[in-house]
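This report walks through a protein model step by step, from its sheets to its cores and ring pairs. Please keep the sequence and the structure in view while reading.

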Amino acid sequence: MQKRLFKIDSNDPVARDTLRMGLRTDAPVAIRSGQFVDIAIPGYYLRRPISVSDVLPDGVILFYKVVGEGTKVMAGMTPGMELELLCGGDPGSQSGMTKGMGSGFHPEKCQEAALLVGGGLGAAPLYLLARELLAAGKRVTAVLGFNKADEICLVEQYRALGVPVHIATLDGSAGTKGFVTDAIAAAKPAFDRFYTCGPLPMMKAVCTTLDAPGEASMEERMGCGAGFCYGCTLQTQSGPRRVCADGPVFDKEEILW
């Protein structure tokens, strides 16, 4: 692990209570889809783990939702300000490669066509996965679920990649009314592997409904974010696993729902 300073390049609202933050650093970045960074918020003891939505040669793009005091502070930050991020890589290195925390998705396990299923900001880490899959020559379809139309984000970014996007909203204000499973049933996409990220009930429904092999990015409240405190332990078929270090991505067969 390493602590590295990033400078805020942008911090803009993109949907209700949702912002897109661009961060730049002084070293090359090599972060894989599904990995995260752990952000130190001035005045707060615990860091905020946030999945990486996209990578730049020298930076990252994050999408986050204002849900508490820490993210409220983040929302008030302006370009030029600095944040300290806990990342992967060589401890103490100021010039080496900046890597992500945790174990990410496995695009190499997709044979020909992938289905990406995101709930809310679960759409964010799946965007980087979509780029990885397309670069490997795979076909990609995305199904994204939100509570209401004013929470929708990242759809245009997916479509700019050429990825077909199907939307579900609980109140029916956009796309299919209902859950992502309803939108999947309506769209009938062809795929040999799925990847999902979002609220636990949504991922449980996806993993128990779809017959194809798949992966889910799990979320637990983290303490250290680096595997030392075991505060984010998840019970799996192979025993207790740490979401921050062993995950956050697990094969669907491994998860005890």
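Which strands does H2 lie across, and at about what angle does H2 run to S10? In this predicted model, H2 lies across S10, S11 and S14, and the angle between H2 and S10 is about 165 degrees.

## Two sheets

The strands that H2 crosses there belong to an open sheet of seven strands, whose order is S13-S12-S11-S10-S14-S15-S18 and whose pairing is mixed. Its edge strands, each of which pairs on one side only, are S13 (176–177) and S18 (249–251). Within this sheet, S10 and S11 run parallel and are joined by seven bridges, and alanine 113 stands opposite arginine 139 in S11. Helix H4 also packs here, since H4 lies across S10, S11, S12 and S13 and runs at about 140 degrees to S11.

A further open sheet of seven strands has antiparallel pairing and the order S5-S4-S8-S1-S2-S7-S6. Here the edge strands, pairing on one side only, are S5 (48–51) and S6 (54–56). On average, and with direction ignored, neighbouring strands of this sheet are turned by 40 degrees against each other. Strand S1 (residues 2–15) and strand S8 (residues 82–87) run antiparallel and are joined by six bridges; the partner of lysine 3 in S8 is leucine 86. Helix H2 meets this sheet as well, for H2 lies across S5, S6 and S7, running at about 60 degrees to S6.

Glutamate 84 offers a closer look at strand S8, in which it is found. With a relative accessible area of 27%, glutamate 84 is partly exposed. Leaving aside its neighbours within four places in sequence, glutamate 84 is in contact with Lys3, Arg4, Leu5, Asp38, Ile39, Ala40 and Arg47. The C-alpha atoms of glutamate 84 and leucine 23 are separated by 11 Å, although these residues are 61 residues apart along the chain.

## The nonpolar cores

In soluble globular proteins, nonpolar side chains tend to be buried together. In this model the largest nonpolar core has 30 residues, and those with the most contacts inside it are Leu116, Leu126, Leu133, Leu144, Leu154, Tyr158 and Tyr195. Two or more residues each come from S7 (59–65), S10, H2 (123–135), S11 (139–146), H3 (155–160), S12 (165–169) and S14. Which of the elements gives the most to this core? That is H2, with seven residues.

Leucine 144 shows how such a core residue is surrounded: leaving aside its neighbours within four places in sequence, leucine 144 is in contact with Gly118, Ala123, Cys153, Val155, Tyr158, Val165, His166, Ile167, Ala168 and Val180. Apart from this core lies another, of 25 residues, among them Leu86, Val117, Leu210 and Cys244.

## Two aromatic pairs

A pair of aromatic rings is described by the distance of the centres and the angle of the planes. The count of aromatic pairs in this model comes to two, and they are set out in the table.

| Pair | Centre to centre | Angle between planes | Kind |
|---|---|---|---|
| Phenylalanine 105 and tyrosine 195 | 5.9 Å | 85 degrees | edge-to-face |
| Tyrosine 127 and tyrosine 158 | 5.6 Å | 90 degrees | edge-to-face |

Phenylalanine 105 lies in the loop between strand S9 (98–99) and S10, whereas tyrosine 195 lies in strand S14, so their pair ties together parts that are 90 residues apart in sequence. Phenylalanine 105 is buried, with a relative accessible area of 1%, and tyrosine 195 is buried at 0% relative accessibility.

Because tyrosine 127 lies in helix H2 and tyrosine 158 in helix H3, their pair ties together parts that are 31 residues apart in sequence. Tyrosine 127 is buried, with a relative accessible area of 11%, and tyrosine 158 is buried at 0%.

## One face of helix H5

Which residues of helix H5 are buried? In H5 (residues 200–209) they are Met202, Met203, Val206 and Cys207. Seen down the axis of H5, these buried residues fall within an arc of 125 degrees, so they line one face of the helix. An α-helix has 3.6 residues a turn, so residues three or four places apart point the same way. On the other side of H5, Pro201 and Thr208 are exposed. The cover over the buried residues of H5 includes strand S10 (113–119), helix H4 (180–187), strand S14 (193–197) and strand S15 (214–217).

Definitions and conventions
Residues are numbered from 1 along each chain as its sequence is written. This is a predicted model: local features need pLDDT of at least 70, side-chain atom pairs count only at pLDDT 80 or more; totals for chains, interfaces and linings use all residues. Side-chain values use heavy atoms; hydrogens and water are left out. Buried means under 20% relative accessible area, exposed over 50%, partly exposed in between (1.4 Å probe, protein chains only). Helices (H or I, at least four residues) and strands (E, at least two) are DSSP runs, numbered from the N terminus. The arc is that of the directions from the helix axis to the C-beta atoms. Contact means heavy atoms within 4.5 Å. A nonpolar core is a set of buried Ala, Val, Leu, Ile, Met, Phe, Trp, Tyr and Cys residues joined through side-chain atoms within 4.5 Å. Rings of Phe, Tyr and Trp (its six-membered ring) pair if their centres lie within 6.5 Å; planes under 30 degrees apart count as stacked, over 60 as edge-to-face and the rest as tilted. Two strands pair if DSSP finds at least two bridges between them. Axes are lines fitted to C-alpha atoms, for helices over the stretch in contact, and angles run from 0 to 180 degrees between N-to-C directions.
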